[in-house]
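This report describes a predicted model of a protein chain. Please keep the sequence and the structure in view while reading the sections below.

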Amino acid sequence: MESNSRKYVSIIVPQRNESVLPHIKAVDHVYVLGIDLSKFSQTLQFFICLAGVFVFYLIYGYLQELIFSLKGFKPFGWYLTLVQFGYYSLFGLFELKLKQDKKRRIPLRTYAVVAFLTVATMGLSNTSLGYLNYPTQVIFKCCKLIPVMIGGVLIQGKRYNVFDVCAAMCMSAGLVWFTLADSKITPNFDLTGVMFIMFALCADAAIGNVQEKAMKTYSASNSEMVLYSYSIGFIYLLLGLGFTGNLQMAFTFCYQHPLQTYGYALIFSTSGYLGISFVLALIKTFGALLAVTVTTCRKALTIVLSFLVFTKPFTVHYLWSGLVVVLGIVLNVYSKKSDVLNCSNLLKLLKVSSVKLVKGYSQTV
């Protein structure tokens with residue numbers, strides 16, 4: 001006789017904060033300077049990170065240009081990066097000591113890659129100031145999308161929508177326009193600086209994705225990322241400067257001007273470190289898209305302040321070419337926003353489908 005009892009299949013869907021790997025915790029806490037920002041609301045977290053990025057990076061940009069305005073310092077950009085990495089390593093170690101969880105989560109081989117990219121990004125960026133106007137350097141930094149797209153097409157075979165292509169074209173046109181204007185009115189313009197900042201852009205385009213993936217995969221803290229990436233990078237720089245023979249010359253020059261070099265570098269590195277902490281918190285909490293948007297707005301303000309504080313030639317072509325670059329940034333942000341909206345619709349569709357699937361399995365077998 002057939003049994004009238006009902007048989008049900010129970011489907012348990014893991015929650016979002018459950019991790020596939022048992023030793024990796026979900027990203028619930030975001031610490032900046034030992035303070036847990038996750039205790040605050042999402043809106044307040046955003047404005048805290050926004051204020052931190054703007055305040056500290058504006059100080060960073062001012063002191064960076066001030067240091068390179070010292071006569072005779074321009075050949076020692078790599079040494080400034082070495083000093084900067086040394087300070088960052090000490091700051092990261094101090095901040096990590098304040099935390100209860102001091103265990104390293106990200107593998108050293110990942111940090112070796114991150115450190116190399118960080119050295120390339122900051123070292124080439126600092127060195128380019130010996131050849132370029134500071135606003136020209138910053139306008140190049142705003143166009144990280146271009147190397148990202150080229151690498152995506154060549155390496156991963158990606159395809160981009162029309163907004164991304166138009167954004168890259170606007171950025172490229174704005175860069176060419178800005179660089180041509182700079183070459184006409186700046187007497188010390190050198191294409192070597194353009195090459196340095198372009199290579200720095202390529203490394204910077206890669207490092208954001210590597211950092212975001214590593215921090216989310218292994219649930220690592222900002223202080224851990226800063227400590228290991230910059231301490232390993234310090235070793236890279238020390239070996240490189242020692243091998244090329246520039247270490248002694250740079251040390252001698254800075255020893256003769258301690259306040260304008262080591263003194264300013266301390267404040268410069270402190271503001272940069274604090275800015276990095278807020279950027280990493282922004283990436284970890286709100287994603288790379290919003291972080292890029294905030295940092296790009298900060299760079300635009302830095303350019304304006306550079307012309308107001310430091311005496312340098314100005315042409316209206318700077319303004320128009322800068323606006324073309326801003327148009328490219330707006331198109332890129334709109335493109336990413338559209339992708340997010342499409343993903344949200346897809347998730348809603350999958351959620352409805354999963355509910356129907358569960359109901360179907362709950363019927364009598």
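## The largest cavity

By class, the lining of the largest cavity in this predicted model comprises seven nonpolar residues, one polar residue and no charged residues. The residues concerned are Phe 73, Tyr 79, Leu 80, Val 83, Cys 254, Thr 261, Tyr 262 and Ala 265. Two helices, H2 (77–97) and H10 (258–286), each contribute at least two residues to this lining.

The volume of the largest cavity is about 40 Å³. The structure holds one cavity of 30 Å³ or more. Rolling a probe the size of a water molecule over the atoms shows where empty space is left.

## The nonpolar core

The largest nonpolar core has 77 residues, of which Phe 73, Tyr 79 and Met 225 touch the most other members. Helix H10 supplies the largest share of this core, with eleven residues. In soluble globular proteins, nonpolar side chains tend to be buried together.

Two of these core residues, Phe 73 and Tyr 79, also appear in the lining of the largest cavity. Which residues does Phe 73 contact, leaving aside neighbours within four places in sequence? Phe 73 is in contact with Ile 67, Phe 68, Leu 80, Phe 253, Cys 254 and Thr 261. Among these partners, Leu 80, Cys 254 and Thr 261 belong to the cavity lining as well.

## Helix H4 and the preceding loop

Helix H4 (residues 134–141) is mostly covered, with seven of its eight residues buried. The buried residues in H4 are Tyr 134, Pro 135, Thr 136, Gln 137, Val 138, Ile 139 and Phe 140.

Asn 133 is found in the loop between helix H3 (108–128) and H4. Is Asn 133 buried or exposed? Asn 133 counts as buried because its relative accessibility is 12%, under the 20% cut-off. Its C-alpha atom is separated by 9.8 Å from that of Thr 179, although the two residues are 46 residues apart along the chain.

## Ala 200 in helix H7

Ala 200 lies in helix H7 (residues 191–218). With a relative accessibility of 4%, Ala 200 therefore counts as buried. Not counting residues up to four places away in sequence, Ala 200 touches Ala 120, Thr 121, Leu 124 and Ser 125.

One of these partners, Ala 120, is 80 residues away from Ala 200 in sequence, yet the two are 5.9 Å apart in space, C-alpha to C-alpha.

## The chain as a whole

The secondary structure of the protein chain comes to twelve helices and two strands. Read along the sequence, the pattern is β-β-α-α-α-α-α-α-α-α-α-α-α-α.

Of the 365 residues in the protein chain, 42% are buried. Among contacts with a separation of 6 or more, 86% are between residues 24 or more positions apart.

## Confidence in the model

The mean pLDDT of the protein chain is 75, and 76% of its residues reach 70 or more. Confidence is highest in helix H9 (residues 246–256), at a mean of 91, and lowest in helix H12 (residues 316–361), at 60.

The pLDDT is below 50 over residues 5–27, a stretch with 21 contacts in the model beyond near neighbours in sequence. Over residues 349–365 the pLDDT is also below 50, and this stretch has eight contacts beyond near neighbours in sequence. Where pLDDT is low, the predicted coordinates should not be read in detail.

Technical notes: Residues are numbered from 1 along each chain as its sequence is written. Side-chain values use heavy atoms; hydrogens and water are left out. pLDDT is the predictor's confidence in each residue, from 0 to 100. Helices (H or I, at least four residues) and strands (E, at least two) are DSSP runs, numbered from the N terminus. Contact means heavy atoms within 4.5 Å. On a 1 Å grid over the protein atoms alone, a cavity is a set of points where a 1.4 Å probe fits but cannot get out, and a pocket is an open set with protein on both sides within 12 Å along at least five of seven lines; lining residues have an atom within 4 Å of a point. Grid points are joined across faces, edges and corners, and a volume is the space filled by probe spheres set on the points. Ala, Val, Leu, Ile, Met, Phe, Trp, Tyr, Cys and Pro count as nonpolar, Asp, Glu, Lys and Arg as charged, and the others, Gly among them, as polar. Buried means under 20% relative accessible area, exposed over 50%, partly exposed in between (1.4 Å probe, protein chains only). A nonpolar core is a set of buried Ala, Val, Leu, Ile, Met, Phe, Trp, Tyr and Cys residues joined through side-chain atoms within 4.5 Å.
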